[in-house]
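User: I would like to learn how to read a two-chain model. Can you take me through it feature by feature?

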Protein chains: 2
Amino acid sequence: MRSSQYLLSTMKETPADAEVISHQLMLRAGMVRRLASGLYTYLPTGVRTLRKVERIVREELNKAGAIEVLMPMVQNAELWQESGRWEQMDAELLRFQDRHQRDFVLGPTHEEVITDLIRREVTSYKQLPLNLYQIQTKFRDERRPRFGVMRAREFLMKDAYSFHLSQDCLQKTYDAMYQAYTNIFTRLGLNFRAVLADSGAIGGSVSHEFHVLASSGEDAIAFSTESDYAANVEMAAALPPQAERPAATQPQQKISTPNVGSVDEVASFLGLTPQQIAKTLFVRAEPTDDSSAPAFVALVLRGDHQLNEVKAEKHPLVAQPLTFASDEEIKALTGALPGSVGPIGLNIPVIVDHSAAQLADFVCGANETGYHLTGVNWLRDSAAFDTADLRNVVAGDASPCGKGSLEIRRGIEVGHIFQLGDKYSQAMKAGVLNEEGKNQILTMGCYGIGVSRILAAAIEQNHDEHGIIWPDAIAPFQIALIPMNMHKSVRIQQAAEQLYQQLTEAGFEVLFDDRKERPGVMFADMELIGIPHQIVIGERNLDQQQVEYKHRRSGDKALLALDAVVAEMQARVQQA
Amino acid sequence: MRSSQYLLSTMKETPADAEVISHQLMLRAGMVRRLASGLYTYLPTGVRTLRKVERIVREELNKAGAIEVLMPMVQNAELWQESGRWEQMDAELLRFQDRHQRDFVLGPTHEEVITDLIRREVTSYKQLPLNLYQIQTKFRDERRPRFGVMRAREFLMKDAYSFHLSQDCLQKTYDAMYQAYTNIFTRLGLNFRAVLADSGAIGGSVSHEFHVLASSGEDAIAFSTESDYAANVEMAAALPPQAERPAATQPQQKISTPNVGSVDEVASFLGLTPQQIAKTLFVRAEPTDDSSAPAFVALVLRGDHQLNEVKAEKHPLVAQPLTFASDEEIKALTGALPGSVGPIGLNIPVIVDHSAAQLADFVCGANETGYHLTGVNWLRDSAAFDTADLRNVVAGDASPCGKGSLEIRRGIEVGHIFQLGDKYSQAMKAGVLNEEGKNQILTMGCYGIGVSRILAAAIEQNHDEHGIIWPDAIAPFQIALIPMNMHKSVRIQQAAEQLYQQLTEAGFEVLFDDRKERPGVMFADMELIGIPHQIVIGERNLDQQQVEYKHRRSGDKALLALDAVVAEMQARVQQA
């Protein structure tokens, strides 16, 4: 492709309204343009990368035995009413009426449509298992679309759905999809990890997220230093300390702590570390039939630890969804303002995180505004309590797999696989005749990849101050051909044209920068777009029948003989 | 692909609600399923063909220098208000609001979005010309979706838009796109014709439609028997007769024709042919400033000819859009009911089609209910009149190109290219600095292909009583491998598995029918799906180390040596 015949659309300045680096670089490199909030047009450079991602996804899914279908983006409301999601989903589900005032939605996902298809087309166990996928536009009317294509309203997704008669069969397909996803992200050239995930509102027993690792990632992921264990911090278990709780050495004392509320303030006031302080949170209790049962539960954590809401919500005494007590409710429960509360003397259940339960001679609020207790010791000073895992793991914690300790890194979720169970098949009565001739409800898996999101995630992971650094597999072009001052030199022009022809004939995707621009402008654009391999043609090197090669990622340079360029590129460019 | 692991979904019965053969066969062959009115899910067999069409379209457009982009399906209303189409378009343009009550549309086409993009990204003549395309889902809320994917509401379209500073430049891109379309439909293996078309409401000077020829086509196309001339019948000029009008030989007479109205009835009543009768139609006249000007115009055609509404509408005396007089208005104008009207004695302008103007001694209504005139002769019996081309051409007419005569055949429109001019660029003020440094409004072309519609059109052209007959290039599978009673014979099974492996490794797309089905069921399914090449493995031929080959289209059969199958297929299967 000649830049003069291409829509390059690069920008020097960083657009003011782009918050994250991938969004800034996608705008600057001429990959996307905003049409309206959360709606993006992909320019040619963006489409080239998008199509490459699509191709790799499609090839690996086909290899894994998944079969491609294509379902409408516009879906009739009846199916959503049948599954219950018409009522359950908020305004993110875009609802509208057609010219005949019938209700429709713009599909944010396709569980209903595929389940409806399968209950019609599949009648016997002989037709199972089936694993169907599509690469299709989705629409979610996000309240606050942001970060460019990272959280857009209209986006491209690969979604797959599998159908089975047994958990064993589902597990086999799930494993095959796990492997396909691993192959996909490996071929894309991304540094990624598959992590255990919470299956959340979707339900089901097992779920893995695939994260592209990047310091800007929205999610925290815990890794073992010595095994393959990786889990979303939401999910990673904090093991109880192995040692016994130290013995009490101090008496409990009440001290005045005026205007001191947060853990850090208390620690600083008393000359202690947050590790020596217990913090207490109050949440609604799971309702019971017993009207005299307490309405709240106290959760106690070590001062340096963070509550893990997913774990807390799963505790049988805690109400779902997790709901914090208001300041007024806390005052009524404890007699004190939130900065002075503690677990001692409460008449509601107290659940203590394993690490907090290990404390001795600790500090906590006195349940009297402006006062704390010091030298507090469990059981000596407190009533009996439950212990549980309530906190986010932190770096250095023992890994739940039993090997090594945990590291915490940040990731961007680009894939998610679920063992769905019968949530949709039950609601929509999707069953087949099993081997015994009886109707049996299907078991389902579902498997998503954010195709357009991968572009942003790849950039968050692969960039420097000059621009994007594409992995070879998904670069919009493999090679940038940069002739210096070609329009003033017939010799340069001839060499450039010849190399362009040779490289193109050898099957490379070359961006030939034939614009009448200064070399500096051309270098800057090619670095910004992130083309992995650059060939620069200049007068001096040409005197020696040479051109300069530069590798975008390493910055390594080399002089190549003109007649060796094609062979050198064949050795250096990685094929997807 | 093994059928046992595939979603074949063939049906024996013809679905009652499918009117046209392509819709019936797409349902029966398991290509599509209806989700709701005008909304279809593509099953695996449908997707395979769809993706092949897409690939050929993409390859040929890239070759022609068009550059791929991807624009959102959801578009903000502001752009449509700016172009004027927000008001102009009827309910076919689906309008809706997002969660913040902002107005959006589901894109039926993308002129507004691309014109907005170009006016932002392109500022100088140096960046032109540009030709951008996408393959994207479109939505048109048709009042009456029908014929399956032929006229669906959600469908897949390739749309391209080109931008220029001169008509010459537009013409060059237009010619290149004409050639690209010719290459595409040729590679798809379709019998098609490019025909001159009316540019209709879109305006602009030049327009061609690409039609797949099929007896069931909605459009009539006129071809020259001796040149490349082809035009939509809407557009094909009927040349005026060369000969002079014969002299009058009969006196004009008024005869009673009770209860005789239509041309056929009059001809039969009088023992004449429709060619000897003039029929008269009344339409609204183009309004003028002169309030005394007549409100209607009479149009006269030979009894066997059909009015061409596109031609009539273009006549300067005729109002746009073409509006026929009501029976009451005709009564007021002529004093007679519609079955008895004629051009003689009217006090409104009379426009006579060239062929009708050639009549002598003809018959027409007497403008008195129940009476006709015979022996009528122009000018002797009538006032002066205008002549014009008002009719559809018919088979045997002289070709307007000057060579040969016309044949009429039916076609299905699958592509349309337009020289748009400045309709959108003017309305949306899309200009660039030209070589003189002055702002100049862009000239545009636009180019559409109905990607999903091609599937239906190809089937309308290629089928028989057993099912679809795919051209090799877009067949869902190239080869059907049909082992007879494989589940009862290890020998058959081994031969089938071996052939399947060999053919797959040689790069063929094979559907290996490994179901436990009777041979008859398998043959019927493979014929229905329309796989072009079939290989049947049976005991008797296997004794001779042979298999039977059958060509779906010709029905030709041949015995192939087992070890020659791959080579034979390489010779017989046409590559796209």
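Analyst: We will go through symmetry, the interface, buried residues and salt bridges. Keep in mind that this is a predicted model.

User: Start with symmetry. How is chain B laid on chain A?

Analyst: The general idea first. Two copies of a chain are related by a rotation about an axis and a shift along it. Here the turn is 180 degrees and the shift along the axis is 0.1 Å. Chain B then lies on chain A with an RMSD of 0.2 Å. That is the relation of a two-fold axis.

User: Which residue of chain B comes closest to the rotation axis?

Analyst: Phe96(B), whose C-alpha is 3.1 Å from the axis.

User: Now the interface. What area is buried between chain B and chain A?

Analyst: The size of an interface is often given as the accessible area lost when the parts come together. In this model chains B and A bury about 4700 Å² between them. Carbon and sulfur atoms give 61% of that area. Three residues supply more than any other three: Leu35(B), Leu70(B) and Arg99(B) give 16% of what chain B buries against chain A.

User: How many residues take part in the contact?

Analyst: Chain B brings 56 residues and chain A brings 56 residues. Of the interface residues of chain B, 100% are also interface residues in chain A, so the copies meet through the same surface.

User: How many polar contacts and salt bridges cross the interface?

Analyst: There are 18 residue pairs in polar contact across the interface. Strand E7 of chain B, residues 130-139, gives six residues to the side that touches chain A, the largest share. By class, that side of chain B has 31 nonpolar, 10 polar and 15 charged residues. Six salt bridges also cross the interface of chains B and A. One of the salt bridges in the model joins Asp98(A) to Arg153(B), with the closest N and O atoms 2.9 Å apart.

User: Next, burial. Is Asn131(B) buried or exposed?

Analyst: Use the cut-off: under 20% relative accessible area counts as buried. Asn131(B) has 6%, so Asn131(B) is buried. Asn131(B) sits in strand E7 of chain B. Leaving aside neighbours within four places in sequence, the contacts of Asn131(B) include Gly65(B), Ile67(B), Tyr161(B), Met177(B) and Tyr447(B).

User: What does Phe104(B) touch?

Analyst: Phe104(B) has partners in both chains. Not counting residues up to four places away in sequence, Phe104(B) touches Ala36(A), Leu39(A) and Arg153(A), and among its chain B partners are Trp86(B), Leu94(B), Phe96(B) and Asp98(B). Phe104(B) belongs to strand E6 of chain B, residues 103-106. With a relative accessible area of 3%, Phe104(B) is buried.

User: How many residues of helix H5 of chain B are buried?

Analyst: Nine of its 11 residues are, so H5, residues 111-121, is mostly covered. Among the buried ones are Glu111(B), Val113(B), Asp116(B), Leu117(B) and Glu121(B).

User: Last, salt bridges. What parts does the pair Arg48(A) and Glu509(A) tie together?

Analyst: Side chains of opposite charge can pair when their charged atoms come close. Over all chains the count is 78 salt bridges. Arg48(A) and Glu509(A) form one, at 3.2 Å from N to O. Arg48(A) is in helix H2 of chain A and Glu509(A) is in the loop between helix H13 and strand E27, so the pair ties together parts 461 residues apart in sequence. Arg48(A) is partly exposed at 24% relative accessible area. Glu509(A) is partly exposed too, at 26%.

User: Which salt bridge pair crosses between chains from helix H2 of chain A?

Analyst: Arg51(A) and Glu68(B) meet in a salt bridge, 2.8 Å from N to O. That pair runs from helix H2 of chain A to strand E3 of chain B. Glu68(B) is buried, at 10% relative accessible area.

User: Which residues are linked with Arg51(A) in a network of salt bridges?

Analyst: From chain A, Glu54(A), Arg58(A) and Glu68(A). From chain B, Arg51(B), Glu54(B), Arg58(B) and Glu68(B).

Notes
Residues are numbered from 1 along each chain as its sequence is written. Chains are lettered from A and ligands numbered from 1 in the order in which they are written. This is a predicted model: local features need pLDDT of at least 70, side-chain atom pairs count only at pLDDT 80 or more; totals for chains, interfaces and linings use all residues. Side-chain values use heavy atoms; hydrogens and water are left out. Copies are superposed by least squares on the C-alpha atoms of residues with pLDDT of at least 70 in both. Contact means heavy atoms within 4.5 Å. Buried area is the accessible area (1.4 Å probe) that two parts lose on being put together, summed over both. A salt bridge is a side-chain nitrogen of Lys or Arg within 4 Å of a carboxyl oxygen of Asp or Glu. A polar contact is a pair of N or O atoms within 3.5 Å; within protein, one must be able to donate a hydrogen and the other to accept it, and residues adjacent in sequence count only if both atoms are side-chain atoms. Helices (H or I, at least four residues) and strands (E, at least two) are DSSP runs, numbered from the N terminus. Ala, Val, Leu, Ile, Met, Phe, Trp, Tyr, Cys and Pro count as nonpolar, Asp, Glu, Lys and Arg as charged, and the others, Gly among them, as polar. Buried means under 20% relative accessible area, exposed over 50%, partly exposed in between (1.4 Å probe, protein chains only).
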